[in-house]
Amino acid sequence: MTLTDVIEVLETAYPPARAESWDAVGLVGGDPAQQVRRVLFAVDPVAAVAEEALEWRADLIVTHHPLYLRGTTSVAATTPKGRLIHTLIKNDIALYTAHTNADVANPGVSDALARAVGLTGDLVPLQPFPDDPWRGLGRVGELPEATTLGEFAALAAKGLPRTPGGIRVAGDLSRPVKHVAVSGGAGDSLLATAAAAGVDVFLTADLRHHPSSEFIESGGPALIDAAHWATEWPWLDSAASILHASGVTVETRVSATVTDAWTRGY
Ligand SMILES: [Zn+2]
């Protein structure tokens, strides 16, 4: 398989045209004509992931987060990002990013998150595209049976990969929970949308004190704040499955290296 063959599959599932205008998705490094036998999926393009790719002899790393989101005038090995570019090019490892285009895809990042925390039925976007009701940010769905906020939080913690920060809950733990909204990654901007959706709880990441406090005070849904990395990690397996289902003959591996920014909780 060539890198072009693999990219074709990824871009059918995650059309780059659907990425936000501020985003930087697609091929970051690599020759479209190069052979690809092993593909490593990871959330972050960081040194630990490059190390893993080297050890496993990956030909391509597919990450969720972009390496360069803003313009740069240098890829010298004098910065962590420049060093990463050097490591990858020296070892013939390509780098490809599917970010906000993977968030809004169907299935996308939040579908995988919803399944990981126990939602079993149909999922619909929390904030659908005006021109496509089946694609958009976040997902809303139901648990197979009503439970309490406390039990759902425990279920979510079990379903997501462990991180030092774990998950945090805001709301009455005995509150009934059945309708759930989720959004992988930073979900601050979707708080009002989640409240309007009439769900019992909104699970996302990177929630800040003031918006969360005001949200709970106003009697909206309960909140669950998980580690950013953990909410996006379930998507990696989904993306790898899409590659396999397409018939491209590559080996895939999902990186279990925890690259969340927080390395220890006390
Ligand atoms: Zn993210």
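Analyst: Helices (H or I, at least four residues) and strands (E, at least two) are DSSP runs, numbered from the N terminus. This is a predicted model, with local features needing pLDDT of at least 70, side-chain atom pairs pLDDT 80 or more, and totals for chains, interfaces and linings using all residues. Residues count from 1 along each chain as its sequence is written, and side-chain values use heavy atoms, without hydrogens and water.

User: Okay, which residues coordinate the zinc ion?

Analyst: Look for donors: N, O and S atoms within 2.8 Å of the metal (3.2 Å for Na, K and Ca), water not included. Here they're NE2 of His 65, NE2 of His 228 and two OE atoms of Glu 232, at 2.1 to 2.4 Å. Their spacing along the chain is H-x162-H-x3-E. His 65 sits in the loop between strand 3 (60-63) and helix 3 (80-90), and Glu 232 in helix 9 (residues 228-232), 167 residues apart.

User: Are those two buried or exposed?

Analyst: Buried means under 20% relative accessible area (1.4 Å probe, protein chains only). His 65 is buried at 14%, and Glu 232 is buried at 3%.

User: And which residues are closest to the centre of the largest pocket?

Analyst: A pocket is an open set of points on a 1 Å grid where a 1.4 Å probe fits, with protein on both sides within 12 Å along at least five of seven lines; lining residues have an atom within 4 Å of a point. Of 39 lining residues, His 65, Ala 186, Asp 206, His 228 and Glu 232 are the closest to the centre. Strand 8 gives the largest share of the lining, four residues.

Methods. Buried < 20%, exposed > 50% of the residue type's maximum accessible area, 1.4 Å probe, protein only.
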